Amino acid sequence: MEFSFLTMGTASALPTANRYPSAHILTVRERLFLIDCGEGAQMQMRKYGVSFGKIDHIFISHLHGDHLFGLFGLLSTMAMGGRQGDLNIYAPEGFGRILAFFMEQFGEGIKYNINFHPIKCREPQLIYDSRQVEAFAFPLVHRGETYGFLFREKEPQLNVHKHLIEPYKLSLYEIARLKEGKDLVRPATFTDEDGSEVEYEQTLLNKDFTYLPYKPRSFAYCTDTLPFKRLAGWVKGADLIYHDSTYTNEYSELAKTTFHSTSQAAACCALEAGAKKLVLGHYSSRYKSLDTMLEEARAVFPESYLAREGAKFEIELEKYKE
Ligand SMILES: [Zn+2]
Ligand SMILES: [Zn+2]
């Protein structure tokens, strides 16, 4: 039951000799979600063993080249690989024009369907929903329309405490009702002082008989953005947050004028959101060493980590005991 985030590109606008522009893979069980698709994403996917055929959903945060220029090559490669299944792309609505132009110029060999899902929202909005996972988009504060994403596993079905089945003589039907979250109301009897049986309606409260087998996991993607107050509330309780960390504190003014964040601001967001872990990325090309970047984040939020090309961050399944 994998839930992991693979960072394949950690550069900001300018790639360096060993940093690629943004492109990442979120794996939720068997499903792969490509998040942003900067230049070189296909080569990175090959390098890290990501199968193109397993990607049916691509999420693009905004229409800056460092998050998008790898997509067109990938669409062509998928066609050359004989892709048949639909591909879904979630991006700001302006992407529609770009896709139409691309298809007009280069789309002849692309035989599979591309479903474009335009994102337009000012509050968190559900944009993807399946049996096991749902994804929300929320607006970020950057140059041009930009969205972050929150992926969340769905609540699992409730389990019934085994040790209560026998004493309460729960029928299969009643167990099924409890698993659906319902209380049980059933006829019962008790013997009163005179020794006669009295009938009454017994209510068994769902919460006394059930428990969640595991805690649903969640991941938030927050790049590129200025820090802003409401963000932490929108990603509250996320197990893992990936956050824009373009600069160290030394360049906090530059972060403001370019609508980016420092690693310290990223850490403040993770702290306020009550996240378990923070992954920093989208580093300015001026940094050879990222030590200061990490130190400044950890001073605020100790569970901060650096994204690197090929690094995978796993969220373990937390099982609840009976
Ligand atoms: Zn960027
Ligand atoms: Zn940008």
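Donors to a metal are taken here as N, O and S atoms within 2.8 Å of it, and because water is not among the atoms, a site may look incomplete. With this in mind, the predicted model places the zinc ion (ligand 1) among four residues, Asp66 (OD), His67 (NE2), Asp224 (OD) and His282 (NE2), with coordination at 2.1 to 2.2 Å. Along the chain these donors follow the spacing D-H-x156-D-x57-H. The angles subtended by the 4 donor atoms around the zinc ion (ligand 1) run from 90 to 167 degrees, and the arrangement is therefore irregular. Four donors would count as tetrahedral if all angles lay between 85 and 135 degrees.

The zinc ion (ligand 1) has a second zinc ion (ligand 2) at 3.4 Å, and Asp224 coordinates both. Distant parts of the chain are linked by the pair Asp66 and Asp224, which are 158 residues apart, Asp66 lying in the loop between β4 (55–59) and α2 (71–80) and Asp224 in the loop between β14 (218–222) and α6 (229–234). Both of these aspartates are buried, since buried means under 20% relative accessible area: the value is 10% for Asp66 and 1% for Asp224.

At the level of the whole protein chain, two domains are assigned, domain 1 comprising 3–156 + 215–314 and domain 2 comprising 159–211. The centres of domain 1 and domain 2, taken over C-alpha atoms, are separated by 48 Å.

A search for salt bridges over the whole structure finds 18. One of them joins Asp239 and Lys276, whose side chains meet at 2.8 Å, N to O. Asp239 is in the loop between α6 and β15 (240–244), whereas Lys276 is in the loop between α8 (263–273) and β16 (277–281), so this pair ties together parts that are 37 residues apart in sequence. Within the pair, Asp239 is buried, with a relative accessible area of 5%, while Lys276 counts as partly exposed at 42%.

Lys276 also forms a salt bridge with Glu318, with 3.5 Å between the closest N and O atoms. Because Glu318 lies in the segment after β18 (311–314), this second pair ties together parts that are 42 residues apart in sequence. Glu318 counts as partly exposed, at 37% relative accessibility. Through shared partners, salt bridges join Lys215, Asp239, Lys276 and Glu318 into one network.

A further salt bridge is formed by Glu180 and Lys182, the closest N and O atoms being 3.5 Å apart. Glu180 is partly exposed, with a relative accessible area of 48%, and Lys182 counts as partly exposed at 35%.

Notes: Residues numbered from 1 in each chain as written. Chains lettered and ligands numbered in written order. Predicted model: local features only at pLDDT ≥ 70, side-chain atom pairs only at ≥ 80, totals over all residues. Heavy atoms only, no water. Domains from an automatic or database assignment. Donors = N, O, S within 2.8 Å, 3.2 Å for Na, K, Ca; no water. Tetrahedral: all angles 85-135°; square planar, octahedral: opposite > 155°, others 65-115°. Helix = DSSP H or I, 4+ residues; strand = E, 2+ residues; numbered from the N terminus. Buried < 20%, exposed > 50% of the residue type's maximum accessible area, 1.4 Å probe, protein only. Salt bridge = Lys/Arg side-chain N within 4 Å of Asp/Glu carboxyl O.
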